[in-house]
Structures are given as C-alpha cells and as structure tokens.
Amino acid sequence: MSSTPDLVRVGWREWLALPDLGIPAIKAKIDTGARTSSIHAVNIQTERRDGRDFAIFDVAPLREHSHFFLHCEAAVVGEREVRSSNGQISLRLFVRSRIALGGHEWPIQLSLADRTNMKFPMLLGRQAMARHVCVEPWRSYLTGRRLPHVYRDTRLPKKRKESRS
C-alpha cells in the first residue's frame, strides 16, 4: 500500500495531544463516519473577555482514571447543532486547538460534549483529518502507545489487582 508521504498514517484508535488546551495525551477514536470531532468535557461554562466568548471546562483524558481532570480554556469559535451517533440533536460549543499526532501539528475544531458513556474521551472526525491523515482501519496506535506516560507525575492511584478467591 502506498500513501502520500506528508499524510500521517493512523489506525482506528490513536493517542494524540491538544497543546492549545494543555492536554499532553488523550486517546481518540478515529471516526471517518463522523463529520466533526468532539471531546469529553464537563463543568462547561462560558465567560466573555475582551469582546470574545471563552469556554472553560474540564477534561478527563484517561478513561481508567475518570476522576482525574485537566482544566481547559479556549475561545469559542461557534455553537452548532450536532447529531450524535444515536440520532439525538444537541447544541454544542466548538473550540479550536492544534492537534499533535504522529510528529505533525495542525489546527482543528472540536465540540464540547458529554461522552461519559463512550469508550473514548475524544472522537476525531473527518473534517479534522482532511488532507492530514491516512486511516488504516484494521490497525491501532500506528503513531505509538507512548503518550500515557506524561501523566505519571500526577500521582494517579495505582490500579488495584483483582484478587482471585
């Protein structure tokens, strides 16, 4: 299989970073069926500064540690209706951030959504992937599994080993 050299090869799930939001690592589902990208955000508030609206929210970047949150702020770039995978339409705030994936960076827009019941805290949609990504849907973590180590200094509780009786 040949691919354009400037495209990042990704699998159906990848670790990526959102440097403008202060998120050094988050696991994302790569979803060519979704037009827009979204991130699991809670405690969403807006604040007006210098004539611009800013979103202030918390992100739980690690599914295994759902109590660990990063506090984020970003300028609101829009508010649009989005149809979720279950067909429900909701009004969502959109923010912009650079994405860092596979040694490349580019700006994307993403909606702030409650993804509590989803397996991935982020969904990377095709608008964010256009002209940047080549998806190999049968593969995973083509850009590496290295990113979760960035949270080691946050003193996350150790996973408990289940005892066998």
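In the predicted model, 42% of the 165 residues of the chain count as buried. The accessible surface amounts to about 10300 Å², and carbon and sulfur atoms account for 45% of this area. The secondary structure comprises one helix and 11 strands, arranged from the N terminus on in the order β-β-β-β-β-β-β-β-β-β-α-β. Among contacts in the chain with a separation of 6 or more, 58% join residues that lie 24 or more positions apart.

In soluble globular proteins, nonpolar side chains tend to be buried together. In the present model, the largest nonpolar core contains 36 residues. Those with the most contacts inside this core are Leu16, Leu18, Ile23, Leu101, Ile108, Met122 and Leu124. Strand 3, spanning residues 23-30, gives the most to the core, with a contribution of five residues.

The surroundings of Met122 were examined further. With residues up to four places away in sequence left out, Met122 touches Leu16, Leu18, Ile108 and Leu110, among others. Its contacts also include Ile26, Lys27, Ala28 and Lys29, as well as Ser38, Ile39 and Arg115. Three of the residues named above for their contacts inside the core, Leu16, Leu18 and Ile108, are thus among the residues that Met122 touches.

A further site of interest is Ala41, which lies in the loop between strand 4 (37-40) and strand 5 (42-49). Because its relative accessibility is 4%, and buried means under 20%, Ala41 counts as buried. Beyond residues up to four places away in sequence, Ala41 touches Phe57 and Asp58, together with Leu112, Ala113 and Asp114. In the case of Leu112, the partner is 71 residues apart from Ala41 in sequence, yet the C-alpha to C-alpha distance between Ala41 and Leu112 is 5.4 Å.

Rolling a probe the size of a water molecule over the atoms shows where empty space is left. The largest pocket encloses about 730 Å³ of space. Its lining is formed by 26 residues, of which Arg83, Ser84, Ser85, Arg92 and Arg115 are the closest to the centre of the pocket. Two elements, strand 7 (70-83) and strand 8 (89-101), give two or more residues each to this lining. By class, the lining of the largest pocket is made up of 10 polar, nine charged and seven nonpolar residues. Arg115 appears in both settings: this residue is one of those closest to the centre of the pocket, and Arg115 is also touched by Met122.

Definitions and conventions. Residues are numbered from 1 along each chain as its sequence is written. This is a predicted model: local features need pLDDT of at least 70, side-chain atom pairs count only at pLDDT 80 or more; totals for chains, interfaces and linings use all residues. Side-chain values use heavy atoms; hydrogens and water are left out. On a 1 Å grid over the protein atoms alone, a cavity is a set of points where a 1.4 Å probe fits but cannot get out, and a pocket is an open set with protein on both sides within 12 Å along at least five of seven lines; lining residues have an atom within 4 Å of a point. Grid points are joined across faces, edges and corners, and a volume is the space filled by probe spheres set on the points. Helices (H or I, at least four residues) and strands (E, at least two) are DSSP runs, numbered from the N terminus. Ala, Val, Leu, Ile, Met, Phe, Trp, Tyr, Cys and Pro count as nonpolar, Asp, Glu, Lys and Arg as charged, and the others, Gly among them, as polar. A nonpolar core is a set of buried Ala, Val, Leu, Ile, Met, Phe, Trp, Tyr and Cys residues joined through side-chain atoms within 4.5 Å. Buried means under 20% relative accessible area, exposed over 50%, partly exposed in between (1.4 Å probe, protein chains only). Contact means heavy atoms within 4.5 Å. Accessible areas come from the Shrake-Rupley method with a 1.4 Å probe; for residues, only the protein chains shown count as cover.
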